[in-house]
Amino acid sequence: GEVCTMINKKYSEFLPSMQSAEELVAQVEGLSNNIDLLKAGIESEVQRDLNVAVAEFTELKQQLERDTLVLSVLKKLQEFDTTIKECNAALLEKKYVTAAQQLEKARSSLRNLESRRGFELKILKALGTELTVQTQNMIYHLGEEWQKLIVWKLPPSKGSSSLEAVVLSQLHLNTVPPQDEDTAVPSIAAVLQALAVLGELHSKLKDFGQLLLQYILKPLISYPSLEPVTEEQPDVFILRFRSREVALDASSPMEVFDKIRLVFEVLHKYLLNVPLEQPGEGRKDDKVTLAELLGELIWEELSDCLIQNCLVNSIPSNSSKLEQYKEVIESTEEFEKALKKMQFLKEDTTALLKYACNVDSHFANKKCQDVIMAARSLMTSEIHNTVKITPDSSVALPELPDPGAGDHLQTHKPSLLHNGTVNLGSESRLSQFTLCLPTCRISSSVQQLVELAYHTLLEATASTDLCCVQLFDCVRNIFQLFYEVVPTYHSRENLQKLPQLAAIHHNNCMYIAHHLLTLGHQFRYRSTAVVSNGSATFVDLVPGFRRLGMECFLAQMRVQKGEILERLSSARNFSNMDDEENYCAAKKAIKQVLHQLKRLGLVWQDVLPVNVYCKAMGALLNTALAEIVTRIAALEDISAEDADRLYSLCRIMVEEGPQVFTPLLEEAKNKKYQEEVPVYVQKWMTFKELMIILQANLQEIVDQWADGKGPLAEEFSAAEVKSLIRALFQNTERRAAALAKIK
């Protein structure tokens with residue numbers, strides 16, 4: 001019974017909750033249906049409306065952007081129009097700077113419009129044209145103003161830069177404002193600033209700079225007699241010239257600098273001291289003066305002109321005047337400072353001063369140029385004008401220092417030479433004439449050339465290192481120039497063919513070679529490192545000069561030998577001398593040869609050094625004798641009368657041959673050399689032996705041969721002696737016996 005009640009109780013509690021759960025399920029089902037309906041509704045209608053709204057919004061946005069763009073374009077167009085109007089108004093009032101600025105504003109508006117994509121408006125082209133017209137109009141007005149400000153009164157013959165023309169040039173600057181006129185006269189600054197804004201100032205200034213250079217600055221540099229004259233009137237400033245009567249050859253740099261400075265000072269005062277704002281370049285606060293702009297345009301040309309026509313001429317030509325050049329350097333510095341102060345030059349510009357301070361190098365260049373010019377004129381002067389040099393005539397040498405003076409080398413101690421041998425001082429002296437030149441004649445121009453070389457080297461050792469090297473090279477150049485110029489200028493042919501020229505040229509070359517051996521060596525003890533380190537030598541040039549002299553002289557010898565052989569060829573081979581005609585021809589040939597040698601001996605007399613003279617004359621006489629010996633030795637038949645006549649011909653050669661040796665002017669002193677002829681004439685003894693054979697009998701010839709040990713064997717071969725015997729003697733047993741002994 002209790003169980004029953006419990007079940008009832010539970011059931012009664014369960015029933016209501018079950019019912020509420022069922023209601024809940026029904027509600028949920030209803031809600032779910034509603035959601036499905038709503039979802040279907042949204043999917044069909046709301047989504048569509050939403051898409052439409054978004055599309056509308058996008059369209060409106062694009063419309064807005066288009067309208068904004070059109071509005072800004074219209075604004076720009078309006079801006080352009082306003083600026084052009086304002087520009088015109090300002091131009092009428094001669095407010096040039098405002099006008100120019102408005103014009104530039106209009107230009108930037110137009111650029112802005114042109115830069116937009118998708119707006120290729122036809123109107124832009126028209127606006128561009130309008131702007132160009134306005135700009136040209138403005139530039140024209142400014143040009144007019146510029147011409148009123150700066151008036152050139154130039155000589156009628158424009159472009160002429162002669163002194164007469166230049167004196168007439170004037171520059172009028174109407175930059176002093178006039179008193180009486182009411183019209184607002186634009187200030188010079190306004191005109192210049194407006195030109196600057198429009199970018200036209202540069203070309204105007206360039207033209208002005210060129211006129212300034214041509215008619216004022218360069219003439220002041222070129223004509224020492226010109227002086228600038230300045231004149232200030234109430235409304236105009238005038239710059240003109242006057243010409244001084246006393247014209248110097250060239251002004252000193254100091255005077256030229258003063259004149260140019262004066263011109264710049266007045267230009268600065270009346271025209272150039274105008275600060276300008278440069279358009280663009282983002283330098284808002286930075287103003288640049290007209291002086292700076294003009295300086296940039298003309299300074300390079302002006303400084304070149306000052307260097308070439310003024311500083312160059314002031315460079316001294318010898319080192320003693322270098323000291324005084326300090327004054328020029330100082331005034332150059334002052335000049336540059338003054339121009340920098342007027343802002344005409346930038347602070348770092350130093351072209352002029354650099355040039356002036358570099359005076360050593362310019363001095364060397366100028367010196368070298370002068371030396372080479374002098375050398376060239378010496379080389380192209382007459383070779384015939386000669387001077388006599390003797391072993392004791394030294395070059396007019398500058399005083400050279402004592403080798404040991406102030407030097408760490410103490411010359412009296414035995415010093416180790418470079419190769420380690422000991423120099424024994426005076427114990428083993430060379431002859432005093434070891435390095436002496438023999439007496440001879442050389443061209444005076446060559447002596448002067450060598451002196452020039454010495455003096456240039458002396459100058460070099462007194463100079464700075466840089467200068468020293470240049471001058472030293474210059475001396476080398478002189479000699480190299482001689483080597484090339486002389487044979488060409490005086491024609492190698494003449495030097496070789498004319499005996500006197502050949503001899504003098506030979507001496508000249510030997511003289512130079514002689515001096516080149518020691519040149520440079522004398523300056524070893526000078527302090528300049530360049531010269532004292534041993535590189536200063538000319539020895540390498542010596543062989544070339546010796547060769548040059550020898551080649552020429554040997555060519556001359558060949559010419560003379562040729563003439564001798566040519567003359568002897570008319571002697572009919574010295575055969576059949578018993579025929580009177582043949583004998584006369586042979587005698588004439590011999591006389592001609594002697595005459596040729598005599599004449600040559602006189603041409604070379606007192607010119608060639610004695611030893612060279614004797615060798616040369618000896619060689620030529622030898623050629624004649626050798627030829628005669630060869631011809632006679634070749635004869636196949638010599639009659640007794642032939643032999644006598646040949647002997648008398650040979651005697652002429654032996655008696656008169658030595659007399660062609662006349663190396664010295666004093667006749668008495670030549671005897672010695674005439675007696676020494678056998679020394680210089682190789683075939684002399686051969687010739688004498690031939691004469692003996694012509695007069696001898698068979699026995700005497702055999703005795704002279706003395707089994708190949710006699711004097712005859714010294715000069716002739718067995719075959720030659722046999723040939724002569726066969727020609728001179730009849731074929732007898734005695735002849736056969738004699739021939740047998742010659743072997």
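Which residue with a positive phi follows H18? In this predicted model, that residue is aspartate 606, whose phi lies near 70°. The helix before it, H18, covers residues 580–604 and has 25 residues, and from its first C-alpha to its last it reaches 36 Å, which is close to the 36 Å expected at 1.5 Å a residue. At the start of H18, the backbone nitrogen of glutamate 581 has a side-chain oxygen of aspartate 579 within 2.8 Å.

The helices discussed here are set out below.

| Helix | Residues | A residue found in the helix |
|---|---|---|
| H1 | residues 2–92 | Tyrosine 11 |
| H9 | residues 326–341 | Glutamate 330 |

Two patches mark the surface. Tyr11, found in helix H1, joins Phe14, Leu15 and Met18 in making a nonpolar surface patch of about 380 Å². Glu330, which belongs to helix H9, gathers with Glu327, Glu333 and Glu334 in a surface patch of negative charge.

Side chains of opposite charge can pair when their charged atoms come close. The structure holds 21 salt bridges, and one of them links glutamate 65 with lysine 61, where the closest N and O atoms are 3.8 Å apart. Both of these residues lie in helix H1, where glutamate 65 and lysine 61 are 4 residues apart, about one turn of the helix. An α-helix has 3.6 residues a turn, so residues three or four places apart point the same way.

Conventions. Residues numbered from 1 in each chain as written. Predicted model: local features only at pLDDT ≥ 70, side-chain atom pairs only at ≥ 80, totals over all residues. Heavy atoms only, no water. Patch = residues over 30% accessible without salt bridge, like charges linked within 9 Å, V, L, I, M, F, W, Y side chains within 5 Å. Areas by Shrake-Rupley, 256 points an atom, 1.4 Å probe, with all protein chains shown as cover. Salt bridge = Lys/Arg side-chain N within 4 Å of Asp/Glu carboxyl O. Helix = DSSP H or I, 4+ residues; strand = E, 2+ residues; numbered from the N terminus. Lys, Arg positive; Asp, Glu negative; His and termini not counted. Charge placed at Lys NZ, Arg CZ, Asp CG, Glu CD. Expected span 1.5 Å × (residues − 1). Polar contact = N/O pair within 3.5 Å; in protein donor to acceptor, adjacent residues only side chain to side chain.
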